[in-house]
Amino acid sequence: VLAALLVNEKQLDAARKHFEQWLASDRENAGQNFLQLSTLLSRNTDRKSVFELMRSLAEPYQKVPEARLAVAQAAWNAGNESVALSEASAALKLRPDWELAALFQAQALQRRSNDEALAFLGEYLKAHPQAKDTRLNYARLLVTAKRYPEARKQFDALLDQFPGNPDVAMAVALLAIQANDLPSAEKQLQ
């Protein structure tokens, strides 16, 4: 609580020792604690200081994927794209099936190039075909790239994997409307 109050008062240096003690006292929950810490620090407007603090706090936790992703997110917010990508990649190496890290890496890659993001998501889906959120984002990015037939295949795969999911049905309906396939759109909307 004290650390959170210090963060709200923009006293990150004073909060550091409290965060270090908290993380050290609860090592078995380090991953969850880093996710909470990332959320707490994301509200602070001094992005560079948050990045440096997060990087420092995560140093003893290099084998914790959530710590690596927290550093990636802080780096991203501070405008350090290369560290964001390398830390997201490190998080995925530690926990290859973690969709949150994959989606973050795709978002970071998309800033550089839609093609890089599409290639990454395509490869991730080959290894993790049940990754619903990743497939949905991949399909949407294909739509953005105007690669409608490929996007339609991804949406159809989602419909097969998750029948009755209203988010998937709506996305497929919108894609069908764009492709002027009104019977398919109507079926999904119903």
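**View 1. Helix 11 and helix 12 run roughly antiparallel to each other in this predicted model.** Helix 11 covers residues 166-178 and helix 12 covers residues 182-189. Their axes lie 8 Å apart and meet at an angle of about 160°. An angle over 145 degrees counts as roughly antiparallel, so this pair of helices falls in that class. Helix 11 passes helix 12 in a left-handed crossing. On the helix 11 side, the contact is made by Ala169, Met170, Val172, Ala173, Ala176 and Ile177. Helix 12 contributes Ser184, Ala185, Gln188 and Leu189.

**View 2. Helix 2 and helix 4 pack roughly parallel to each other.** The angle between them is about 25°, and the axes are 10 Å apart. Angles under 35 degrees count as roughly parallel, so the pair is placed there. The crossing of helix 2 and helix 4 is right-handed. From helix 2, the contact involves Leu12, Arg16, Phe19, Glu20 and Leu23. From helix 4, it involves Ser49, Val50, Glu52, Leu53, Ser56 and Leu57.

**View 3. Leucine 12 of helix 2 is buried.** Its relative accessible area is 8%. Leaving aside neighbours within four places in sequence, leucine 12 is in contact with Val7, Leu41, Asn44, Ser49, Val50 and Leu53. Valine 50 is 38 residues away from leucine 12 along the chain. The C-alpha atoms of leucine 12 and valine 50 are nevertheless separated by 7.5 Å.

**View 4. Asparagine 44 is a buried loop residue.** The loop joins helix 3 (30-41) and helix 4 (47-58). The relative accessible area of asparagine 44 is 3%. Not counting residues up to four places away in sequence, asparagine 44 touches Val7, Lys10, Leu12 and Val50. Leucine 12, one of these partners, is itself buried. Lysine 10, another of them, is exposed.

**View 5. Phenylalanine 19 and tryptophan 22 form one of four aromatic pairs in the structure.** The ring centres are 6.5 Å apart and the planes stand at 55°, so the pair is tilted. Both residues belong to helix 2 (residues 12-25). They are three residues apart, a separation of about one helical turn. Phenylalanine 19 is buried, at 3% relative accessibility. Tryptophan 22 is partly exposed, at 29%. Phenylalanine 19 also takes part in the contact of helix 2 with helix 4.

**View 6. Tryptophan 76 and phenylalanine 104 make an edge-to-face pair.** Their ring centres lie 6.1 Å apart, with the planes at 75°. Planes over 60 degrees apart count as edge-to-face, so the pair takes that name. Tryptophan 76 sits in helix 5 (residues 65-77) and phenylalanine 104 in helix 7 (residues 99-112). The pair therefore ties together parts that are 28 residues apart in sequence. Both tryptophan 76 and phenylalanine 104 are buried. Arginine 111 lies over the face of tryptophan 76, at 3.9 Å from the ring centre.

**View 7. Lysine 132 places its charged end over the ring of phenylalanine 162.** The distance to the ring centre is 5.5 Å.

**View 8. Glutamine 105 is a buried residue of helix 7.** Its relative accessible area is 11%. Leaving aside neighbours within four places in sequence, glutamine 105 is in contact with Leu85, Ala88, Ser89, Leu92 and Phe120.

**View 9. Lysine 10 has a positive phi.** Most residues other than glycine have a negative phi. For lysine 10 the value is near 60°. Lysine 10 is found in the loop between helix 1 (2-8) and helix 2. It is exposed, with a relative accessible area of 55%. Asparagine 44 touches lysine 10.

**View 10. Lysine 146 also has a positive phi.** The angle is near 60°. Lysine 146 sits in the loop between helix 9 (132-144) and helix 10 (148-161). Its relative accessible area is 61%, so lysine 146 counts as exposed.

Key:
Residues numbered from 1 in each chain as written. Predicted model: local features only at pLDDT ≥ 70, side-chain atom pairs only at ≥ 80, totals over all residues. Heavy atoms only, no water. Phe/Tyr/Trp six-rings, centres within 6.5 Å; stacked < 30°, edge-to-face > 60°. Helix = DSSP H or I, 4+ residues; strand = E, 2+ residues; numbered from the N terminus. Buried < 20%, exposed > 50% of the residue type's maximum accessible area, 1.4 Å probe, protein only. Lys NZ or Arg CZ within 6 Å of the ring centre and 35° of its normal. Axes fitted to C-alpha atoms, helices over the stretch in contact; angles between N-to-C directions. Parallel < 35°, antiparallel > 145°, perpendicular 65-115°, else oblique. Left-handed = near helix turned anticlockwise from the far one by under 90°. Contact = heavy atoms within 4.5 Å.
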